[in-house]
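Please look through the sequence and the model below before reading on. The report that follows takes up aromatic rings, a helix and enclosed space in turn.

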Amino acid sequence: MAETDEPMVVDGGDVSTCEWEGRWNHTKRFLERSGPFTHPDFQPSSETLQFMLETCRILVIGAGGLGCELLKDLSLSGFRNIHVVDMDTIDISNLNRQFLFRSKDVGRSKADVAADFINSRIPGCCVVPHFKKIQDLDGAFYRQFHIIVCGLDSVVARRWINGMLLSLLVYEDGVLDPDSIIPLIDGGTEGFKGNARVILPGMTACIDCTLELYPPQINFPMCTIASMPRLPEHCIEYVRVLLWPKVTPFGDGVALDGDDPEHIQWVYQRSLERAAEFNITGVSYRLTQGVIKRIIPAVASTNAVIAAACATEVFKIASSASIPLNNYMVFNDVDGLYTYTFEAERKPLLLQENCFACSQVPLDLHFSPSSKLQEVLDYLTGSASLQMKSPALTATLEGKSKTLYLQSVASIEQRTRANLSKTLKELGLVNGQELAVADVTTPQTLLFRLCFTS
């Protein structure tokens with residue numbers, strides 16, 4: 001960490017003021033002199049380092065493979081005010097690459113342990129942990145940060161934080177207030193492949209503008225998992241897709257939670273029984289968890305490369321010492337080493353297939369009056385530009401808000417299920433009718449406008 005072996009200078013015993021001569025010499029070379037790659041707005045100054053050390057607030061989402069690397073890189077780069085959010089606890093399988101954790105930490109919160117480790121090893125750094133879901137934190141929490149960095153393994157979580165930052169934007173007479181923009185740096189890895197991207201909400205392509213860039217979810221044919229399983233994954237999928245909804249082991253309406261050990265254990269035991277019935281081997285607890293959570297095996301070196309790229313972009317944006325990535329970098333070391341960058345483009349707002357997250361107006365849904373509500377639901381979940389998970393539909397009819405369909409609450413789902421087989425005309429919906437749609441992929445309720453076709 002230090003350039004010299006001189007002892008640390010402690011001011012009044014306060015660890016937060018620990019410094020030693022030459023600690024930030026390398027950083028100052030970027031911040032206190034101009035160069036050919038600096039941002040046009042960059043002004044060499046010693047104040048920039050002080051901003052990074054004392055003022056700049058960074059949020060890291062995820063304390064797993066990418067998150068551990070990000071926390072290390074950011075704290076060693078001069079960022080001291082860091083918060084980290086993660087809802088997971090440490091599993092023994094994490095220890096081969098998530099290097100902030102030890103065997104004694106198994107079962108503890110990833111966020112808590114990661115924060116304790118960084119705070120104890122890097123003088124002056126203050127990492128604040130949040131052991132909870134990102135959905136449990138409100139807009140006021142996210143608004144306090146200058147930059148947010150994601151090291152997530154979930155597309156749904158990415159879309160949610162993307163929607164949250166878009167909801168914090170302020171428009172005055174239709175013009176975006178730049179002070180309301182919180183840059184989002186997103187990193188992702190998939191085995192020996194990875195990517196890093198820079199998102200300026202409201203200005204550049206957001207997560208939902210480029211959903212097609214994320215790998216499609218692997219689905220097995222229903223006939224195979226139901227009657228002719230050949231792989232251990234088929235047995236697990238049988239329990240997940242068919243047996244769980246039928247048996248409802250933890251009560252009616254309780255969805256399978258890939259982060260709940262009791263749920264995973266139940267699926268694992270039933271999968272073992274299914275595998276034994278067809279003489280299939282290979283079902284394990286870890287495989288069960290991987291199938292349910294759609295986990296792709298992680299590679300430590302890929303995490304390190306992508307986290308370093310993301311941390312570099314944070315440094316660029318915080319200091320203006322260099323022009324940020326524009327705006328998507330792809331990394332691949334499956335065969336040799338290959339990397340390239342391109343500009344992911346924001347979807348035009350005037351097209352039918354525009355980005356519903358970026359759009360400031362209700363999006364059009366084109367259906368005939370004789371279309372059934374089920375067709376609308378299928379479009380919301382199946383459209384490449386929407387990819388919703390469990391949309392809840394509400395409309396204002398005769399001056400009152402009416403729930404047309406809601407899946408997440410069992411009692412309401414049973415009461416509104418019959419609406420799925422009704423036509424839009426039978427439900428009392430008219431041309432130009434606005435539908436309010438809520439989904440786990442976004443913190444906002446989205447507005448759609450029905451446009452009847454002949």
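## Rings, a helix and a cavity

In this predicted model, ring pairs join Phe141, Tyr142, Phe145 and Trp160 into a cluster. Over the structure, the count of aromatic pairs comes to eleven. A pair of aromatic rings is described by the distance of the centres and the angle of the planes.

Aromatic rings also take part in another kind of contact, in which the charged end of an arginine lies over the face of a ring, as the table sets out.

| Arginine | Ring beneath the charge | Distance from the ring centre |
|---|---|---|
| Arg270 | Trp266 | 5.2 Å |
| Arg274 | Tyr238 | 3.7 Å |

Helix α2, which covers residues 47-55, has Thr48, Leu49, Met52 and Leu53 as its buried residues. These residues lie on the same side of α2 because they cover an arc of only 130° around the axis. An α-helix has 3.6 residues a turn, so residues three or four places apart point the same way. The face of α2 turned away from the buried side carries Glu47 and Glu54, which are exposed.

Where is empty space left inside? A search of the whole structure finds two cavities of 30 Å³ or more, and the second largest cavity has a volume of about 40 Å³. Its lining includes Arg159, Asn162, Gly163, Asp208 and Phe356, and the elements that give two or more residues to this lining are α6 (155-167) and β15 (442-452). Sorted by class, the lining of the second largest cavity holds three nonpolar, five polar and two charged residues.

Technical notes
Residues are numbered from 1 along each chain as its sequence is written. This is a predicted model: local features need pLDDT of at least 70, side-chain atom pairs count only at pLDDT 80 or more; totals for chains, interfaces and linings use all residues. Side-chain values use heavy atoms; hydrogens and water are left out. Rings of Phe, Tyr and Trp (its six-membered ring) pair if their centres lie within 6.5 Å; planes under 30 degrees apart count as stacked, over 60 as edge-to-face and the rest as tilted. A charge sits over a ring if NZ of Lys or CZ of Arg is within 6 Å of the ring centre and within 35 degrees of the ring normal. On a 1 Å grid over the protein atoms alone, a cavity is a set of points where a 1.4 Å probe fits but cannot get out, and a pocket is an open set with protein on both sides within 12 Å along at least five of seven lines; lining residues have an atom within 4 Å of a point. Grid points are joined across faces, edges and corners, and a volume is the space filled by probe spheres set on the points. Helices (H or I, at least four residues) and strands (E, at least two) are DSSP runs, numbered from the N terminus. Ala, Val, Leu, Ile, Met, Phe, Trp, Tyr, Cys and Pro count as nonpolar, Asp, Glu, Lys and Arg as charged, and the others, Gly among them, as polar. Buried means under 20% relative accessible area, exposed over 50%, partly exposed in between (1.4 Å probe, protein chains only). The arc is that of the directions from the helix axis to the C-beta atoms.
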